[in-house]
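Here is a short briefing on one protein model. Please look at the chain first, then read the points below.

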Amino acid sequence: MFDVSFTELLIIGVVALVVLGPERLPKVARTVGHLLGRAQRYVSDVKSDIQREIELEELRKFKENMDTAASEMQTSLRETESSLRADLDATAREAKQAVAATAQNAQASLSTAAQEAKDALAEPQAAPSATAPAGPTTSAAVPAASASAPVPDDHASRTIAPPVPAPASEPAAAPKQHSPSSTGTLS
């Protein structure tokens, strides 16, 4: 507060002793000490109140900064979450579409393969009934040229019908050798 040196205090003490006298000086000194102590306590209380207010203001500012940062972080996280959800949903939709397309393609391939298998199984059963009559046959009933002629079918490949076996009374003829210049028919 005040800068008072030792010499100044000594001068004040001597003047007080002369003015007040030795009887009243101790009471006055005690009263002045109490008043100075109260003044110092009051000043220190005011300083601490001001310091607390400054700290509270700093804490408020810090809290506001933290609240602002937290709200910005929450906003950023929400935006990131919505962005990731949108990407994830888009990827899930694309995956579902791809799986559905693959399933449709597989189902179409399976049905096509099943139909081809049915057609392939139905053809061998139909071919013998077209070339061989149902009842007993003799060699006179089937001409020799028609027995070795190719039989056309629905596919691009051609098959040759097996020869009709000769009756047991006639000797079996030896098969003829094919020549390299033959055009695919047996003679």
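Of the 187 residues of the protein, just 2% count as buried. The model is predicted. Its mean pLDDT is 78, and 65% of the residues score at least 70. The accessible surface comes to about 16,500 Å². Carbon and sulfur atoms hold 62% of that area.

**Fold**
- The protein has two helices and two strands.
- Read from the N terminus, the order of elements is α-α-β-β.
- Helix α1 covers residues 6-131.
- Helix α2 covers residues 144-147.

**Confidence**
- Helix α1 has the highest mean pLDDT among the elements, at 90.
- Helix α2 has the lowest, at 45.
- The pLDDT is below 50 over residues 137-149.
- Beyond near neighbours in sequence, the stretch 137-149 has 10 contacts in the model.
- Where pLDDT is low, predicted coordinates should not be read in detail.

**Annotated region**
- An unreviewed UniProt entry lists residues 52-79 as "coiled-coil region".
- In the model, residues 52-79 are 100% helix and 0% strand.
- The C-alpha atoms at the two ends of this span lie 40 Å apart.

**Nonpolar surface patch**
- Which residues form a nonpolar patch on the surface? They are Phe6, Leu10, Ile11, Val14, Val15, Val18 and Val19.
- Together these residues have about 760 Å² of accessible area.
- Val14, one of the patch residues, sits in helix α1.
- Val14 has a relative accessibility of 48%, so Val14 counts as partly exposed. The cut-off for exposed is over 50%.

**Salt bridges**
- Side chains of opposite charge can pair when their charged atoms come close.
- How many salt bridges are there? The count is four, with a side-chain nitrogen of Lys or Arg within 4 Å of a carboxyl oxygen of Asp or Glu as the rule.
- Three of them, including the Glu57 pair, are described below.

**Glu57 and Arg60**
- The side chains of Glu57 and Arg60 form a salt bridge at 3.5 Å, N to O.
- Both residues belong to helix α1. They are three residues apart, so about one helical turn separates them.
- Glu57 is partly exposed because its relative accessibility is 37%.
- Arg60 is also partly exposed, with a relative accessible area of 44%.

**Lys63 and Asp67**
- Lys63 and Asp67 form a salt bridge, with their closest N and O atoms 3.4 Å apart.
- The two residues lie four apart in helix α1, about one turn of the helix.
- Is Lys63 buried or exposed? Lys63 counts as exposed because its relative accessibility is 53%, and the cut-off is over 50%.
- Asp67 has 42% relative accessibility, so Asp67 counts as partly exposed.

**Glu81 and Arg85**
- Glu81 forms a salt bridge with Arg85. The closest N and O atoms are 3.1 Å apart.
- Glu81 and Arg85 both lie in helix α1. They are four residues apart, about one turn of the helix.
- Glu81 counts as partly exposed because its relative accessibility is 38%.

Definitions and conventions
Residues numbered from 1 in each chain as written. Predicted model: local features only at pLDDT ≥ 70, side-chain atom pairs only at ≥ 80, totals over all residues. Heavy atoms only, no water. UniProt positions renumbered as here; feature names shortened; annotations may be inferred. Patch = residues over 30% accessible without salt bridge, like charges linked within 9 Å, V, L, I, M, F, W, Y side chains within 5 Å. Areas by Shrake-Rupley, 256 points an atom, 1.4 Å probe, with all protein chains shown as cover. Buried < 20%, exposed > 50% of the residue type's maximum accessible area, 1.4 Å probe, protein only. pLDDT = per-residue confidence, 0-100. Contact = heavy atoms within 4.5 Å.
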